[in-house]
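Colleague: I'd like to go through the terms used for this structure with you. Could you show it first?

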Amino acid sequence: MEFVSLNDGNKMPVLGFGVFQVDPKETQRCVEDAISVGYRSIDTAKAYFNEESVGAAIKTALAGGLKREELFITTKLWISDAGEERALKAFDASMKKLGLDYLDLYLIHQPYGDIYGAWRAMSRLKKEGRIRSIGVSNFYADRIVDLCENSGVIPAVNQLECHPFYQREALKRTLEDYGIAFESWASFAEGKNDIFKNAVLSSIGEKYGKSSAQVILRWLIQRGIVVIPKSVKIERMKQNFDIFDFALAPDDMAAIAALDTDKTLFFDHADPERVKWIIHAFDK
C-alpha cells in the first residue's frame with residue numbers, strides 16, 4: 001500500500017474502501033471482504049446509516065488477529081450535529097456504533113450549519129487523542145479558505161466529488177496551498193456518462209492490460225488524490241485494489257485531463273435550492 005502524509009504528521013492509505021449507498025444488511029460482509037482483499041482504510045458516515053455494520057466487521061477483523069493500528073477508519077459528522085456540544089455527542093454515538101476507542105479521521109460532512117462549533121469540538125477531541133486527524137468534506141475553495149484563515153486549525157483532508165469529468169484542478173491548487181490532502185468521492189462518477197465504456201479510458205486500459213476503473217483510480221492516485229472506491233462484489237474489490245503495478249505515461253494523463261467538463265454530475269454545493277435540500281434531507 002502507498003500512503004499520503006497528512007499535514008498533522010499522520011499517514012493515510014491512498015486507497016481505501018467506501019460504503020456509501022451500501023445496504024446496512026450487506027455492509028458487514030462487504031467490509032469483511034474488503035479487509036480480506038487487503039484494504040485497511042474504511043470510509044463511512046453517520047448519514048450512511050451503516051456505522052454499526054462497519055463496526056461489526058472491524059470487530060471480526062480484530063478478533064481474527066488484525067491490529068487496530070493497521071486500520072484507518074473514517075466517519076463523518078452530519079449537518080444536524082454541527083455545533084460544539086452536538087458534535088461531541090454525535091462523535092460519542094458514532095464511536096459506540098463503530099466500537100472504537102479512537103478514530104483515525106473525522107470529517108465535517110457538509111459545509112453548512114454551525115461548522116465552527118463543530119470544528120472546535122473536533123479540534124478538542126484531536127488534542128485529547130480520541131481522533132488522530134480531522135478534516136472536511138464538500139468544502140469548496142471559498143469555504144476552505146474561510147475555515148483555514150479564521151479557525152487556526154487547518155483540515156488534514158477535504159473529501160470531494162472528483163472523477164475524469166470533474167477534475168477540480170483549481171480547487172486542488174487551493175488545497176495544496178494549505179497542505180490539505182484531496183480525497184475523491186464518486187471516483188467512477190457512479191457510472192454516469194457511460195464512464196466504463198469511455199473510448200479514451202478503454203484504450204488506455206488496453207495499453208496496460210487494465211480496466212477503465214483501474215485506469216481511473218491510477219490516474220487519481222498519480223494526481224496525488226486519495227481514492228475510496230465502493231463495490232459489493234469481492235471480484236471488483238480485488239480489481240480496484242490491483243492498481244500498484246503500473247503507472248500511466250504523461251500522454252495518458254494528458255488524454256484523461258482532456259475529458260474534464262469542469263461541471264458536477266451530482267449537485268452544486270453553492271446552489272441555493274440544493275443547499276436547502278441537503279440541509280433538510282433527513283428531516284422527519
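Modeller: Gladly, starting with cavities: on a 1 Å grid over the protein atoms alone, a cavity is a set of points where a 1.4 Å probe fits but cannot get out, and lining residues have an atom within 4 Å of a point. This is a predicted model, where local features need pLDDT of at least 70, side-chain atom pairs count only at pLDDT 80 or more, and totals for chains, interfaces and linings use all residues. Residues are numbered from 1 along each chain as its sequence is written.

Colleague: How many cavities of 30 Å³ or more does the search find?

Modeller: The whole structure yields one. The largest cavity holds about 40 Å³ of space, a volume being the space filled by probe spheres set on the points. Among its lining residues are Leu 160, Glu 161 and Trp 185.

Colleague: Why is strand 9 called largely enclosed?

Modeller: Buried means under 20% relative accessible area (1.4 Å probe, protein chains only). Five of the five residues of strand 9 (residues 181-185) are buried, so the rest of the structure largely encloses this strand. Ala 181, Glu 183 and Trp 185 point one way, Phe 182 and Ser 184 the other.

Colleague: What makes strand 8 and strand 9 a pair?

Modeller: Two strands pair if DSSP finds at least two bridges between them. Strand 8 (residues 157-161) and strand 9 have five, in the parallel sense, so they pair by that rule. Leu 160 has Ser 184 as its bridge partner. Ser 184 also stands opposite Val 227 in strand 10, and strands 9 and 10 pair in the parallel sense over two bridges.

Conventions. Side-chain values use heavy atoms; hydrogens and water are left out. Buried means under 20% relative accessible area, exposed over 50%, partly exposed in between (1.4 Å probe, protein chains only). Helices (H or I, at least four residues) and strands (E, at least two) are DSSP runs, numbered from the N terminus. On a 1 Å grid over the protein atoms alone, a cavity is a set of points where a 1.4 Å probe fits but cannot get out, and a pocket is an open set with protein on both sides within 12 Å along at least five of seven lines; lining residues have an atom within 4 Å of a point.
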